[in-house]
Amino acid sequence: MSLPLTSRIALVTGASRGIGYATARALAKAGAHVIAVARTQAGLEELDDEIRRDGGSATLVPLNLTDNDGIARLAVALHERHGKLDILVGNAGVPGPSSPLGHIDLKSWNEVMAVNLSANFQLIRCMEPLLRKSDAGRAVFVTSAAASQANAYLGPYAASKAALETLARAWAQESASTPLRVNLFNPGPTRTRIRAIVFPGEDPATLQTPNQVAEWIVPMCAPDWSETGRLYDYPTRTLQSFRAPA
């Protein structure tokens with residue numbers, strides 16, 4: 001029996017740990033060839049071992065997503081090797097400092113924006129032509145409830161995710177008349193390294209695992225997924241539309 005993502009090419013950022021790792025593995029299990037991007041070589045190699053044990057395949061790309069030229073070179077390499085990209089999962093993110101805004105230095109702010117927002121903008125710029133070559137290009141960006149809750153002491157992270165949501169929604173509108181579908185995914189509280197940094201006193205056993213969350217991202221990457229410009233909220237298991245504040 002053919003797997004649902006057989007012959008699909010899927011790029012996943014932040015693939016060396018957490019939700020990115022689990023999503024890359026889940027996509028590979030569904031038949032996709034995964035382009036796994038992360039800074040951590042050891043984590044990527046561990047992922048590759050897991051994917052191979054599952055019977056899948058992956059290409060490992062050690063890359064710091066703040067390297068804009070590196071993202072551009074990756075797009076050229078994907079064009080030369082595959083001629084298209086079917087799936088983009090923009091998952092990589094950093095938590096930034098947990099501090100009042102007035103105590104945060106500009107360097108820390110810029111680091112959060114570079115990874116959580118600007119890197120995804122560069123991915124859109126460079127990968128859109130390849131996604132347009134697919135018969136059913138799919139892009140999913142991992143966001144956070146912090147984008148709408150504007151949590152105190154998480155200002156840079158919340159602002160970066162709110163901006164990412166607006167960026168993805170604008171792209172969804174721009175591509176609405178094409179086969180490309182662009183959506184957002186909110187995993188909610190998940191047992192990840194970032195969550196442990198932001199909420200160090202939280203019991204991880206009370207949280208969903210990355211593997212549980214990733215299983216819900218896979219359907220959003222499939223050719224038969226038709227929605228665009230929407231947000232899948234994993235905690236409530238609902239597909240939501242954006243609307244203006246009341």
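Mentor: Let us begin with a term: a crossing of two helices is right-handed if the near helix is turned clockwise from the far one by less than a right angle, and left-handed if anticlockwise. Please keep in mind throughout that this is a predicted model.

Trainee: Is the crossing of α1 and α2 left-handed or right-handed?

Mentor: Helix α1 runs over residues 18–29 and helix α2 over residues 41–53, and the two pack with their axes 10 Å apart. By the sense of turn just described, the crossing of α1 and α2 is right-handed.

Trainee: Is α1 roughly parallel or roughly antiparallel to α2?

Mentor: Angles under 35 degrees count as roughly parallel. Helices α1 and α2 pack at an angle of about 30°. That angle is why α1, with respect to α2, is roughly parallel.

Trainee: How many charged residues are there in the contact of α1 with α2?

Mentor: On the α1 side the contact is made by Tyr21, Ala24, Arg25 and Ala28, while α2 brings Gly43, Glu46, Leu47, Glu50 and Ile51. Sorted by class, the residues of the contact of α1 with α2 comprise five nonpolar and one polar, and the number that are charged is three.

Trainee: Are α1 and α8 roughly parallel or oblique to each other?

Mentor: The axes of α1 and helix α8, which spans residues 210–217, come within 8 Å and cross at roughly 55°. Angles under 35 degrees would count as roughly parallel and those from 65 to 115 as roughly perpendicular. The relation of α1 and α8 to each other is therefore oblique.

Trainee: How many nonpolar residues does the contact of α1 with α8 have?

Mentor: The crossing of α1 and α8 is right-handed. Gly18, Ile19, Ala22, Thr23 and Ala26 of α1 make the contact together with Pro210, Asn211, Val213, Ala214, Glu215 and Ile217 of α8. In the contact of α1 with α8, three residues are polar and one is charged, while the nonpolar residues number seven.

Trainee: Moving along the chain, how many charged residues does the contact of α3 with α4 have?

Mentor: Helix α3 (residues 68–81) and helix α4 (residues 106–133) pack at about 20°, with their axes 9 Å apart, and they are therefore roughly parallel to each other. Asn68, Ile71, Ala72, Leu74, Ala75, Leu78 and His79 of α3 meet Ala119, Gln122, Leu123, Cys126, Met127 and Leu130 of α4. The contact of α3 with α4 has ten nonpolar and three polar residues, and of charged residues it has none.

Trainee: Which element gives the most to the lining of the largest pocket?

Mentor: The largest pocket has a volume of about 840 Å³, and among the 40 residues that line this pocket, those closest to its centre are Asn91, Gly93, Tyr157, Thr192 and Ile194. At least two lining residues each come from α1, β2 (33–38), α5 (146–149), α6 (155–174) and α7 (193–198). With four residues, the element that gives the most to the lining of the largest pocket is α7.

Trainee: And from which element does the largest share of the lining of the second largest pocket come?

Mentor: The second largest pocket has a volume of about 430 Å³, and of the 17 residues that line this pocket, Ser148, Glu165, Leu231, Gln240 and Phe242 are the closest to its centre. Two or more residues of the lining of the second largest pocket are given by each of α5, α6 and β7 (231–233). The largest share, four residues, comes from α6.

Trainee: Where does Arg237, which has a positive phi, lie?

Mentor: Arg237 has a positive phi of about 55° although this residue is not a glycine. Arg237 has its place in the loop between β7 and β8 (238–240).

Trainee: What is the phi of Ser7?

Mentor: Ser7 lies in the segment before β1 (9–13). Although Ser7 is not a glycine, its phi is positive, at about 75°.

How values were computed:
Residues are numbered from 1 along each chain as its sequence is written. This is a predicted model: local features need pLDDT of at least 70, side-chain atom pairs count only at pLDDT 80 or more; totals for chains, interfaces and linings use all residues. Side-chain values use heavy atoms; hydrogens and water are left out. Axes are lines fitted to C-alpha atoms, for helices over the stretch in contact, and angles run from 0 to 180 degrees between N-to-C directions. Angles under 35 degrees count as roughly parallel, over 145 as roughly antiparallel, 65 to 115 as roughly perpendicular and the rest as oblique. Contact means heavy atoms within 4.5 Å. Ala, Val, Leu, Ile, Met, Phe, Trp, Tyr, Cys and Pro count as nonpolar, Asp, Glu, Lys and Arg as charged, and the others, Gly among them, as polar. On a 1 Å grid over the protein atoms alone, a cavity is a set of points where a 1.4 Å probe fits but cannot get out, and a pocket is an open set with protein on both sides within 12 Å along at least five of seven lines; lining residues have an atom within 4 Å of a point. Grid points are joined across faces, edges and corners, and a volume is the space filled by probe spheres set on the points.
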